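Welcome! Open your viewer, get your selection tool ready, and let's take a walk around some charged side chains.

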Amino acid sequence: MKIIECPRDAMQGFSKFIPTDKKIDYINELLKVGFDTIDVGSFVSKEKIPQLADTSNVIKSINMNNTTTKLLVIVGNERGANEAVNFDEISYLGFPFSISETFQKRNINSSVKDSLKRLENIQNLCVKSNKKLVTYLSMAFGNPYGDEWSIYIVAHWAEKLLKEFGINILSLSDTIGTSNPKVINWLFTKLINEFPDVEFGAHLHSSASNFKEKIQAAYNAGCRRFDGSILGIGGCPLADDNLVGNIPTEKMIEIFEKKSENLSINKEALNNSLKIASKIFQ
């Protein structure tokens, strides 16, 4: 069981700039909790995501001693990837690949066709630099822009990425919170059965009323990698205007502990992180 904490996702759409030292203090506390990975920032356009323009300074200043937690950053092109691989602290590069032509242009200013080339180049760079690529299949559960969408289209693109590009970590992303348990279960069941050696993740956005059933559907299908955000804060600022939040990490932990999953969570550090987050995002 892997829990991926995503302060990057929480911060990126927050309108007021969070001082770099506050980000560092927050992430240092998160590093004590026992998460498998922290999605710590991004190397993308500073104009589009000004909140994360200080990612390199944050990474240089956080304390990676005495933690087994790994760091992940999001990149949108080769330039960002080349910058990210220079950090020894970073283990994973995340690339958002959308099956929606409209959203892919809106999110990383690239067509789907050009994004495939970017994905190939970034994957090659990761292999060369001893990093791992996490591919986020965004708009995996619906499309608000009128682009063609179905569960079979999603399955087709997932299979294409896995077979043709050597992807071995694929996270299905509910970018706008439109997923439902039936579709979640169908997609994860099909893909996990077809590709047993691939690590599939769930990056689900949700309202407070239905996140439990979404988590349950992915878990029952065999998914054991889940993204979350403390207090459920965040969402994609380049997606729909009426954003739904992330799945609250602290609630996910409760769900999985009831299933007797051994998460090795430091509860004191988790509670401290909740307190810090409530002040940062007030």
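This tour goes from a surface patch to a few salt bridges, and the model you are viewing is predicted.

**Stop 1: a positive patch.** Select Lys16, Lys22, Lys275 and Lys279, which together form a positive surface patch. Now pick out Lys279 alone: this residue sits in helix H11, residues 267-280. Lys279 is exposed, because its relative accessible area is 62% and exposed means over 50%.

**Stop 2: Glu29.** Move on to helix H2 (residues 20-30), where you will find Glu29. Is Glu29 buried or exposed? Glu29 counts as buried, at 11% relative accessibility. Show the residues it touches, leaving aside those up to four places away in sequence: Ala269, Asn272, Ser273 and Ile276. Then add Lys32, whose side chain meets that of Glu29 in a salt bridge (3.4 Å, N to O).

**Stop 3: a link across the sequence.** Select Lys70 and Asp36, a salt bridge with its closest N and O atoms 3.4 Å apart. Lys70 lies in strand E3 (residues 70-75) and Asp36 in the loop between H2 and strand E2 (37-43), so the pair ties together parts that are 34 residues apart in sequence. Lys70 is partly exposed at 25% relative accessibility, while Asp36 is buried at 18%.

**Stop 4: along one helix.** Next, select Lys190 and Glu194, another salt bridge at 3.4 Å, N to O. Both are in helix H8 (residues 181-194), four residues apart, which is about one helical turn. Lys190 is partly exposed at 30%, and Glu194 is partly exposed at 34%.

**Last stop: a network.** Finish with Lys2, Glu199 and Arg225, joined into one network by salt bridges that share partners. The whole structure holds 14 salt bridges.

Terms used. Residues are numbered from 1 along each chain as its sequence is written. This is a predicted model: local features need pLDDT of at least 70, side-chain atom pairs count only at pLDDT 80 or more; totals for chains, interfaces and linings use all residues. Side-chain values use heavy atoms; hydrogens and water are left out. Patches are made of residues with over 30% relative accessible area and no salt bridge: like charges are joined within 9 Å, nonpolar side chains (Val, Leu, Ile, Met, Phe, Trp, Tyr) within 5 Å. Accessible areas come from the Shrake-Rupley method with a 1.4 Å probe; for residues, only the protein chains shown count as cover. A salt bridge is a side-chain nitrogen of Lys or Arg within 4 Å of a carboxyl oxygen of Asp or Glu. Lys and Arg count as positive and Asp and Glu as negative; His and the chain ends are not counted. The place of a charge is taken as NZ of Lys, CZ of Arg, CG of Asp or CD of Glu. Helices (H or I, at least four residues) and strands (E, at least two) are DSSP runs, numbered from the N terminus. Buried means under 20% relative accessible area, exposed over 50%, partly exposed in between (1.4 Å probe, protein chains only). Contact means heavy atoms within 4.5 Å.
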